[in-house]
Amino acid sequence: MRFNIGDATVDVVLDLECFALPVPRFMPAADLSELQAQRALLEPDHVDFDGNALLIGMQAMLLRIPGLTILVDTCVGEDKPRPAHPSWNQRRASGFLERLAELGVGPEDVDVVFCTHLHADHIGWNTRLLNGRWVPTFPRARYLVGRRELEYWQSRALAEPGIGHGSFADSVQPLLEAGLVVTVEDGEELAPGITLQPLPGHSPGQMGLHVRRGGEQALFLGDAIHSPVQVFRPEWSSALCTDPDQARTTRRQILECAAEENVLLVPAHFRNCGCARIRREGDGFTPLFGPG
Ligand SMILES: [Zn+2]
């Protein structure tokens, strides 16, 4: 799956094709019966109405502009102990690096890994297991992490080493030790036409990439919008959001801006489209899947 933003190309690199999130546990405020009118749009890719579950994909975005290769979020990874989620636990042979190679990108070709936030399903491929040690998967890359996000998870991990499935210890700490982490601030420019945009709520320091190239705009927004159901119901925050009220505010701002300025949204988990445009409809919004 590939799309363009001006002269930038974006490839969706799958790590895990489908992961089901039971609504009562993951998004307790949601009531899917309210979205029956949207059922044809949401099934089968995004919602299992009969199973009362949201369906998401684990996928990285490979963003390339001339001279710079950026990997946005690194999914679940391999070999990581994640007993709470059997499909993540000690995975092998996921094919993720092979799919990157098919796009002409080896681990040493990645210049920047951008972590929108530090949840376990966004940092897994930051590291890989080599001779019993976690080493950086992308040895030449700068790994960019928002300063507030890093400080938050660093202090949580100190107090509670198993937090986030233990992902800070196996997927961030080795990068800090290797000196590859660069902390970044809201509003910084990563490259011409690519700025870092704060998107707090889902996690305290979540950041997106706002890309403006050749008169086109896109926003890589991590988990500010997890599922297309939140386009219809921006008030439905997930149980994983550290600040559900702030997450709602951030989500509404993104949807307003996307509808007003025709910004292509690139969420981390939309299956089989990778991106969506947003159209205003009555008092609310509706997604148009794909680059349009
Ligand atoms: Zn996520």
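## A zinc site and its surroundings

The zinc ion is held by four donors, Asp121 (OD), His122 (NE2), Asp223 (OD) and His269 (NE2), at 2.1 to 2.2 Å. Donors here are N, O and S atoms within 2.8 Å of the metal (3.2 Å for Na, K and Ca), and water is not among the atoms, so sites may look incomplete. This is a predicted model, in which local features need pLDDT of at least 70 and side-chain atom pairs count only at pLDDT 80 or more, while totals for chains, interfaces and linings use all residues. Residues are numbered from 1 along each chain as its sequence is written, and side-chain values use heavy atoms, with hydrogens and water left out.

**The metal site**

What makes the arrangement around the zinc ion irregular? The 4 donor atoms subtend angles of 87 to 160°, and therefore the arrangement counts as irregular. Four donors count as tetrahedral if all angles lie between 85 and 135 degrees; four count as square planar and six as octahedral if opposite donors are over 155 degrees apart and all others between 65 and 115; anything else is irregular. Along the sequence, the donor residues follow the spacing D-H-x100-D-x45-H. Asp121 sits in the loop between β6 (112-115) and β7 (127-130) and His269 in the loop between β15 (264-267) and β16, so this pair ties together parts 148 residues apart in sequence. Helices (H or I, at least four residues) and strands (E, at least two) are DSSP runs, numbered from the N terminus. Asp121 and His269 are both buried; buried means under 20% relative accessible area, exposed over 50%, and partly exposed in between (1.4 Å probe, protein chains only).

**Salt bridges**

How many salt bridges does the structure hold? There are 20 salt bridges, each being a side-chain nitrogen of Lys or Arg within 4 Å of a carboxyl oxygen of Asp or Glu. The table lists three of them, including the N to O distance.

| Salt bridge | Distance, N to O |
|---|---|
| Arg2 and Asp11 | 2.9 Å |
| Asp7 and Arg213 | 2.8 Å |
| Arg280 and Glu260 | 3.0 Å |

Asp7 and Arg213 meet in a salt bridge that links distant parts of the chain: Asp7 is in the loop between β1 (2-5) and β2 (8-22), and Arg213 is in strand β13 (residues 207-213), 206 residues apart. Asp7 is partly exposed, at a relative accessible area of 42%, whereas Arg213 is buried, at 13%.

The salt bridge of Arg280 and Glu260 also links distant parts of the chain, with Arg280 in strand β16 (residues 276-281) and Glu260 in helix α8 (residues 244-261), 20 residues apart. Arg280 is partly exposed at 37%, and Glu260 counts as exposed at 56% relative accessibility. Elsewhere, Arg2, Asp11 and Arg64 are joined into one network by salt bridges that share partners. Within that group, Asp11 is buried, with 4% relative accessibility.

**A buried arginine without a partner**

Helix α8 also holds Arg251. Which side chain of opposite charge is nearest to Arg251? That is Glu235, 7.4 Å away, and Arg251 is buried yet has no salt bridge. For charge, Lys and Arg count as positive and Asp and Glu as negative; His and the chain ends are not counted. The Arg251 side chain does reach the backbone oxygen of Trp236 at 3.4 Å. Residues that Arg251 touches (contact means heavy atoms within 4.5 Å) include Ala224, Ile225, Gln230 and Pro234, not counting residues up to four places away in sequence.

**Two more buried residues**

Ser167 lies in helix α5 (residues 167-171) and is buried, with a relative accessible area of 3%. A polar atom of the Ser167 side chain lies 2.7 Å from the backbone oxygen of Gly164. Leaving aside neighbours within four places in sequence, Ser167 is in contact with Arg82, Leu118, Ala120, Ile123 and Val172.

Phe26, in helix α1 (residues 23-26), is buried as well, at 7% relative accessible area. Phe26 and the zinc donor Asp223 are 197 residues apart in sequence and 13 Å apart in space, C-alpha to C-alpha.

**Backbone details**

The peptide bond from Glu43 to Pro44 is cis, with omega near 5°, and Pro44 lies in the loop between α2 (39-42) and β3 (47-48). Asn131 has a positive phi, near 50°, in a residue other than glycine; Asn131 is exposed, with a relative accessible area of 77%.

Notes
A polar contact is a pair of N or O atoms within 3.5 Å; within protein, one must be able to donate a hydrogen and the other to accept it, and residues adjacent in sequence count only if both atoms are side-chain atoms.
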